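Dear colleague,

I am passing on the structure that we spoke about, and my notes on it follow below. Please read them alongside the model itself.

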Amino acid sequence: MPEVFQNYIDGKWVDSRGGATFENRNPADWDDLIGVFPKSTVEDVDEAVAAAKAAFDAWRLTPAPKRGDILRRVGDLMVERKDEIATEMTREMGKIKAETLGDVQEGIDTAYYAATEGRRMFGHTAPSELPNKMNISFRIPIGVAGIITPWNFPMAIPTWKIFPALVCGNTVVFKPASYTPRTATTLVRILEEAGVPAGVVNLVHGGGSVVGNRIVEHPDIRLISFTGSSEVGKRISAGASETLKRVSLELGGKNAQIVMPDANMELALDGVLWGAFGTTGQRCTATSRLILHKDIHDSFVESLVERASKLRLGYGNDQGVDVGPCVSEAQRNTVHEYVEIGKNEGASLVLGGEFATDGDLAKGWFYKPTIFVDVSRDMRIAREEIFGPVLSVLKVDSLDEAIDVLNDSVYGLSSSIYTQDVNGAFRAMRDIEAGITYINGPTIGAEAHMPFGGVKETGNGHREGGWTVYEFFSEWKVVYVDFSGKLQRAQIDNY
Ligand code: UN1
């Protein structure tokens with residue numbers, strides 16, 4: 001019998017009212033059934049929202065440092081269980097154990113940051129323009145937050161959103177991706193164990209079209225934080241406008257790494273291998289374009305193909321594996337469709353381009369690391385997010401052209417340049433259109449205490465991570481205290 005999982009509503013573990021369920025399987029071995037999860041209904045979401053709304057008042061009045069103390073316990077529990085959570089996460093979504101350990105660590109970092117933010121959350125005081133009057137401002141919670149998260153960082157990304165939401169005094173309805181309900185359940189169990197009161201965090205499993213849509217339209221949800229595709233992000237933004245919710249969107253990327261002739265080539269190779277094929281290319285920050293200066297293009301491609309061809313595919317919990325499977329059959333099919341598109345567009349396939357099916361790999365959604373050269377900027381494989389192990393190489397004549405090609409994208413999340421020329425590096429820092437730029441580092445590797453997000457169609461201007469996410473999850477309240485004992489009219493009595 002498979003393990004049966006439940007929703008968590010108002011402090012109780014419950015089945016979906018509708019009784020329907022869905023299965024979750026190991027993407028490296030589809031015979032391995034992880035569990036059965038509730039396929040929730042609109043009614044389940046409504047109950048979760050009602051619980052979150054009812055819990056809001058007591059939670060908002062709990063001192064922020066006390067809320068932070070709970071988050072510290074959450075961090076401690078994650079430290080204790082780091083290995084176990086990572087193993088489970090690799091089984092659930094496929095990336096290798098070293099990476100799932102990193103994913104849990106990002107959650108731990110976020111927990112400890114949130115814990116201390118409970119004692120910071122600074123406001124401002126400013127002088128009044130009138131005598132015997134004081135102007136102060138502080139941050140207040142907003143209400144019920146709808147949290148909708150992807151499967152590629154099943155621990156880190158929910159923590160980026162839920163922990164700041166809680167420290168700021170909001171309550172939460174959490175809908176995790178249906179490929180990673182197990183890891184989401186683990187996170188919610190930890191929150192429960194650490195002492196988050198009933199109703200403050202509610203977990204509702206299920207698909208975007210029912211659970212996600214209801215969260216977006218529900219009038220009692222005041223803000224939405226979503227990470228996923230730009231296509232879905234646009235629909236959420238439109239849907240949430242009906243009730244004027246505050247919305248934070250972290251969406252697609254088509255991130256590029258530039259390599260200049262003066263770069264340290266070994267370093268640049270290590271960077272692109274990690275950036276393009278880490279997490280099987282399934283990161284919003286993955287390197288999916290490589291922009292090479294013509295002077296080093298041929299030799300760099302030769303070394304890259306050689307190194308990439310040696311990457312070992314397999315189950316991420318086994319020793320010595322470099323790259324796991326795609327998360328699902330649908331995702332692998334999408335990757336393969338893009339490979340066909342690339343070939344038809346006239347790009348040259350120099351590595352991969354097919355399913356990996358040797359031995360045990362035949363039981364999972366494996367795809368060989370794939371590299372295209374002779375890619376031009378107008379091709380779809382140079383423009384659209386693929387979310388898989390496919391790298392498109394473009395050749396340029398100069399730094400100006402490299403930056404121009406990099407910026408020729410509707411997206412602007414992460415970016416990278418390898419160069420030893422300080423002048424070129426500073427021009428790149430200034431002129432690259434992206435939320436994140438790495439100098440001599442790959443496009444992946446953002447740290448939890450720095451703002452995370454992108455420009456253009458990568459988002460809608462908000463940032464997760466660091467201090468900026470606390471701005472999203474709170475509102476400003478301004479209070480004027482007049483202790484003069486008389487009516488003082490601003491702008492009038494003093495001029
Ligand atoms: C994502 O790809 O959705 O910088 C998040 C990184 C990670 C976070 C990625 N720390 O690649």
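The domain bounds used here come from an automatic or database domain assignment. This is a predicted model, in which local features need pLDDT of at least 70 and side-chain atom pairs count only at pLDDT 80 or more, while totals for chains, interfaces and linings use all residues. Residues are numbered from 1 along each chain as its sequence is written, and side-chain values use heavy atoms, with hydrogens and water left out.

The ligand lies between domain 1 (7-251 + 459-478) and domain 2 (255-439), because both give residues to the shell around the ligand. Among the residues around the ligand (a heavy atom within 4 Å) are Glu 106, Phe 153, Trp 160, Arg 283, Thr 285 and Ala 446. By class, the shell has seven nonpolar, three polar and two charged residues; Ala, Val, Leu, Ile, Met, Phe, Trp, Tyr, Cys and Pro count as nonpolar, Asp, Glu, Lys and Arg as charged, and the others, Gly among them, as polar.

As for polar contacts (pairs of N or O atoms within 3.5 Å), a ligand nitrogen is 3.0 Å from an N or O atom in the side chain of Glu 106, and a ligand oxygen is 2.8 Å from such an atom in the side chain of Thr 285. An oxygen atom of the ligand is also 2.6 Å from a polar backbone atom of Ala 446. Of the 320 Å² of accessible area that the ligand has on its own (Shrake-Rupley method, 1.4 Å probe), the protein covers 98%.

The structure also holds three cavities of 30 Å³ or more, a cavity being a set of points, on a 1 Å grid over the protein atoms alone, where a 1.4 Å probe fits but cannot get out, with lining residues having an atom within 4 Å of a point. Volumes are the space filled by probe spheres set on the points, which are joined across faces, edges and corners. The largest cavity holds about 70 Å³, and its lining includes Arg 283 and Cys 284.

Best wishes

Technical notes. Polar contact = N/O pair within 3.5 Å; in protein donor to acceptor, adjacent residues only side chain to side chain. 1 Å grid on protein atoms, 1.4 Å probe; cavity = no way out; pocket = protein on both sides within 12 Å on 5 of 7 lines; lining within 4 Å.
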